[in-house]
Amino acid sequence: MPRRRPPPPLILAPLLFAACGGGEAEPWQAPLTEVTAAPTEGTWTSEAALAVAADPDAVGVDADHHVVVVAGGVTYALEQGALVPRPLYAEAGEPEVLGAARAVAPKAATGAWLATDAGLFSVDRHFVTRSPMSEVASDVGAVAEVAAGPLAGLWLVSQGVLHHATDALDALSVPGLGQVSHFAVSADGAFLVAAQGATVRVLEPGDGGLVARDPSLALGTVHGLAGAPGAVWLATSTGLYKTDGAGFTRYTFGQASAPEVTQVAVDPATGGVWAAAGGSLYYVQGNLLKRHGGAAGERGLVVDQLGDLYSMASGALIYRGTGATDGTAVTFGDVVPWIEARCSACHSNQTSDFRDYDVFITRAEDALARVRSGDMPRCAGSVRCPTEEALAPADYAVLEQWIRDGMPQ
Ligand code: HEC
């Protein structure tokens with residue numbers, strides 16, 4: 001299977017930070033607001049432990065928000081509830097091992113990035129391959145790719161140094177930050193938060209370069225960061241924080257002293273956030289706060305395409321279903337009129353009628369993926385519709401919610 005690869009990008013001189021001469025971060029007193037509302041209690045629709053052959057090292061999602069987990073040097077994709085191995089395809093002369101996995105992150109288009117101590121790998125439909133960037137970026141601890149905005153492109157931490165890959169790989173020494181242990185980019189590519197210990201910097205484009213700002217807040221030791229639309233969330237020893245780049249909000253969950261938050265993950269479809277603290281999992285969306293029971297000591301919280309949660313335990317991947325359990329679930333009866341309006345013209349023949357519950361539950365997730373990608377519904381003559389005619393998320397919300405609610409009849 002010969003393939004030609006582009007030459008690896010060169011490392012350029014460290015990108016200059018504008019307006020922060022002498023490696024100083026710009027002083028800034030970021031405003032801090034507090035949300036003290038107490039959460040209501042929530043329950044899971046289901047909980048399960050999926051056995052993994054070895055202790056999982058890293059878990060994340062791909063561009064379609066399907067779960068990818070690495071355990072014992074093998075990459076697995078979660079397909080219809082089963083962990084399917086994705087073999088490493090090594091070209092002649094390339095290492096035949098992945099190394100110790102550190103992070104899995106969605107690519108902007110399809111597939112996922114895998115950060116390991118041996119470099120950067122690409123997880124695609126069938127294989128895992130080593131990125132040519134591994135020639136210059138070794139020991140990759142974190143990775144993120146952003147599709148749009150001024151900070152668009154691939155970001156990674158190699159040997160503790162933040163890098164931005166566009167045409168080349170630029171190393172950035174962030175003022176006031178030694179090694180970078182965590183970073184996250186807002187989903188719109190507007191700003192980036194980088195952290196090491198209790199030191200946090202907000203990086204934004206400005207003055208022909210990047211400006212690093214010190215929020216001058218006692219945020220506590222940072223345990224995790226997650227990018228969301230227009231925001232970055234911080235899990236720290238003093239609570240859960242959100243920043244929009246201009247100010248910070250702290251969530252105390254109605255407690256006098258906010259609990260230490262060890263993990264944070266964003267639901268890509270709703271923008272809602274899950275945070276792990278003191279053996280509970282909290283869900284935050286707008287003014288809605290919910291507390292769910294959850295085991296302590298798990299690592300690597302992620303949210304999949306259906307809004308369900310996954311995290312790593314010893315020898316297992318823990319699954320928690322998040323659909324509605326309060327009687328407000330969308331039922332198949334709510335979905336049928338949508339199918340009739342959008343799909344029945346082509347999908348209600350004798351062999352396969354999507355209005356038939358038993359037929360449609362086997363197709364539902366594939367249907368959602370195809371609608372999301374613009375592949376369905378087709379236009380006249382069954383050809384793919386022009387991009388501008390693809391359904392918007394609001395047009396298929398009923399399908400998405402029904403799947404999230406566990407596909408009740
Ligand atoms: C104008 C015709 C047309 C419309 C309308 C249409 N489809 Fe399809 N659909 C097709 C064709 C043709 C195929 C087979 C092509 C393929 O698999 O790539 C297909 C295949 C599928 C499949 C995979 C095969 C199967 O039976 O499981 C799914 C799932 C699907 N469509 C979902 C939908 C959904 C959901 C809608 C409504 C939102 C929809 N389609 C509307 C023409 C249509």
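Buried means under 20% relative accessible area.

**Figure 1. Overview of the protein chain in a predicted model.** By that cut-off, 49% of the 409 residues of the protein chain count as buried. The fold is built from 4 helices and 32 strands. Along the principal axes, the C-alpha atoms fill a box of roughly 75 × 60 × 45 Å. The radius of gyration is 22 Å, and a compact globule of 409 residues would have a value near 22 Å, so the two agree. Among contacts with a separation of 6 or more, 53% link residues 24 or more positions apart.

**Figure 2. Surface and charge of the protein chain.** The protein chain exposes about 18,300 Å². Carbon and sulfur atoms supply 52% of that area. There are 44 negative and 24 positive side chains. The centres of these two sets lie 3 Å apart.

**Figure 3. Close-up of Ser-134, in the loop between β13 and β14.** Strand β13 spans 128-130, and β14 spans 140-146. Is Ser-134 buried or exposed? Its relative accessibility is 5%, so Ser-134 counts as buried. The side chain of Ser-134 reaches the backbone nitrogen of Leu-120 at 2.9 Å. Leaving aside neighbours within four places in sequence, Ser-134 is in contact with Leu-120, Gly-119 and Ala-118.

**Figure 4. Close-up of the cis peptide bond between Met-376 and Pro-377.** Omega of this bond is about -10°. Pro-377 lies in the loop between α3 and α4. Helix α3 covers 357-373, and α4 covers 397-404.

**Figure 5. Close-up of His-65, a residue with positive phi.** Phi is about 65°, although His-65 is not a glycine. Where is His-65 found? The residue sits in the loop between β6 (56-61) and β7 (67-71). His-65 has 23% relative accessibility and therefore counts as partly exposed.

**Figure 6. Close-up of Phe-253, in the loop between β25 and β26.** The flanking strands are β25 (248-251) and β26 (263-266). Phi of Phe-253 is near 55°. That value is positive, in a residue other than glycine. Because its relative accessibility is 2%, Phe-253 counts as buried.

Note on methods: Residues are numbered from 1 along each chain as its sequence is written. This is a predicted model: local features need pLDDT of at least 70, side-chain atom pairs count only at pLDDT 80 or more; totals for chains, interfaces and linings use all residues. Side-chain values use heavy atoms; hydrogens and water are left out. Helices (H or I, at least four residues) and strands (E, at least two) are DSSP runs, numbered from the N terminus. The radius of gyration is taken over C-alpha atoms; the globule rule is 2.2 Å times the number of residues to the power 0.38. Buried means under 20% relative accessible area, exposed over 50%, partly exposed in between (1.4 Å probe, protein chains only). Contact means heavy atoms within 4.5 Å. Accessible areas come from the Shrake-Rupley method with a 1.4 Å probe; for residues, only the protein chains shown count as cover. Lys and Arg count as positive and Asp and Glu as negative; His and the chain ends are not counted. The place of a charge is taken as NZ of Lys, CZ of Arg, CG of Asp or CD of Glu. A polar contact is a pair of N or O atoms within 3.5 Å; within protein, one must be able to donate a hydrogen and the other to accept it, and residues adjacent in sequence count only if both atoms are side-chain atoms.
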